[in-house]
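Got your viewer open and your selection tool ready? Let's take a short walk from one stop to the next.

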Amino acid sequence: MGGNGDVDKDRFGNAYFISNDLRDLEKLVDENSIVVIANEGGKPYDAEALYIALKHNARFIGLLASQRRAAVMIADMVRRGLSLDYVLSRLHSPVGLDIGG
């Protein structure tokens, strides 16, 4: 489970903690967390990261995604048992800078 090495530890030498394993995210996220899911083109495990953030009631949850991809992920959260109202109240998407794309 996870990104199979998406984060290159050599590029982030000053980071306190780096992991490509979503089990670590499960342990770290709580109601004081800020979670932003942002992968170029999206990754298959983004939905799992979103579910973990929602399940742990993170303070801020941002998703960098197209409207279509965000809608698919929101529908997936509802299929996993979260209420649509809860998901919509917690999720901020799109997140990022408007570059006119």
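Start by selecting Arg-79: at 62% relative accessibility, this residue counts as exposed. Keep in mind throughout that you're looking at a predicted model.

Now add Asp-76 to the selection. The two side chains meet in a salt bridge, 3.8 Å from N to O. Both residues sit in helix H3 (residues 67-79), 3 residues apart, so about one helical turn separates them. Asp-76, unlike its exposed partner, counts as buried, at 17% relative accessibility. Next, bring in Glu-48 and Arg-80 too: salt bridges with shared partners join Glu-48, Asp-76, Arg-79 and Arg-80 into one network.

How many salt bridges does a search of the whole structure find? The count is 6, so let's visit a couple more of them.

Select Lys-55 and Glu-26, whose side chains meet in a salt bridge at 3.1 Å, N to O. Lys-55 belongs to helix H2 (residues 46-55) and Glu-26 to helix H1, so this pair ties together parts that lie 29 residues apart in sequence. Switch on a surface and check both ends: Lys-55 is partly exposed, at 42% relative accessibility, and Glu-26 is partly exposed as well, at 27%.

Then pick Arg-23 and Asp-21. Here the salt bridge spans 2.6 Å from N to O. Arg-23 is exposed, with a relative accessible area of 52%, while Asp-21 is partly exposed, at 22% relative accessibility.

Time for an arginine without such a partner. Go to Arg-90 in helix H4 (residues 84-90). This side chain is buried but makes no salt bridge. Which side chain of opposite charge is nearest to Arg-90? Draw a distance to Glu-31 and you'll get 9.4 Å; a salt bridge would need a nitrogen and a carboxyl oxygen within 4 Å. What the Arg-90 side chain does reach is the backbone oxygen of Arg-59, at 3.2 Å. Show the surroundings and you'll see Arg-90 touching Leu-54, Asn-57, Ala-58, Arg-59, Phe-60 and Ile-61, leaving aside residues up to four places away in sequence.

Last stop: select Tyr-16, Phe-17 and Leu-28, and colour them on the surface. Together they make a nonpolar surface patch of about 440 Å². Zoom in on Phe-17, found in the segment before helix H1 (22-28). Is Phe-17 buried, partly exposed or exposed? With a relative accessible area of 47%, Phe-17 is partly exposed.

Methods:
Residues are numbered from 1 along each chain as its sequence is written. This is a predicted model: local features need pLDDT of at least 70, side-chain atom pairs count only at pLDDT 80 or more; totals for chains, interfaces and linings use all residues. Side-chain values use heavy atoms; hydrogens and water are left out. Patches are made of residues with over 30% relative accessible area and no salt bridge: like charges are joined within 9 Å, nonpolar side chains (Val, Leu, Ile, Met, Phe, Trp, Tyr) within 5 Å. Accessible areas come from the Shrake-Rupley method with a 1.4 Å probe; for residues, only the protein chains shown count as cover. Helices (H or I, at least four residues) and strands (E, at least two) are DSSP runs, numbered from the N terminus. Buried means under 20% relative accessible area, exposed over 50%, partly exposed in between (1.4 Å probe, protein chains only). Lys and Arg count as positive and Asp and Glu as negative; His and the chain ends are not counted. A polar contact is a pair of N or O atoms within 3.5 Å; within protein, one must be able to donate a hydrogen and the other to accept it, and residues adjacent in sequence count only if both atoms are side-chain atoms. Contact means heavy atoms within 4.5 Å.
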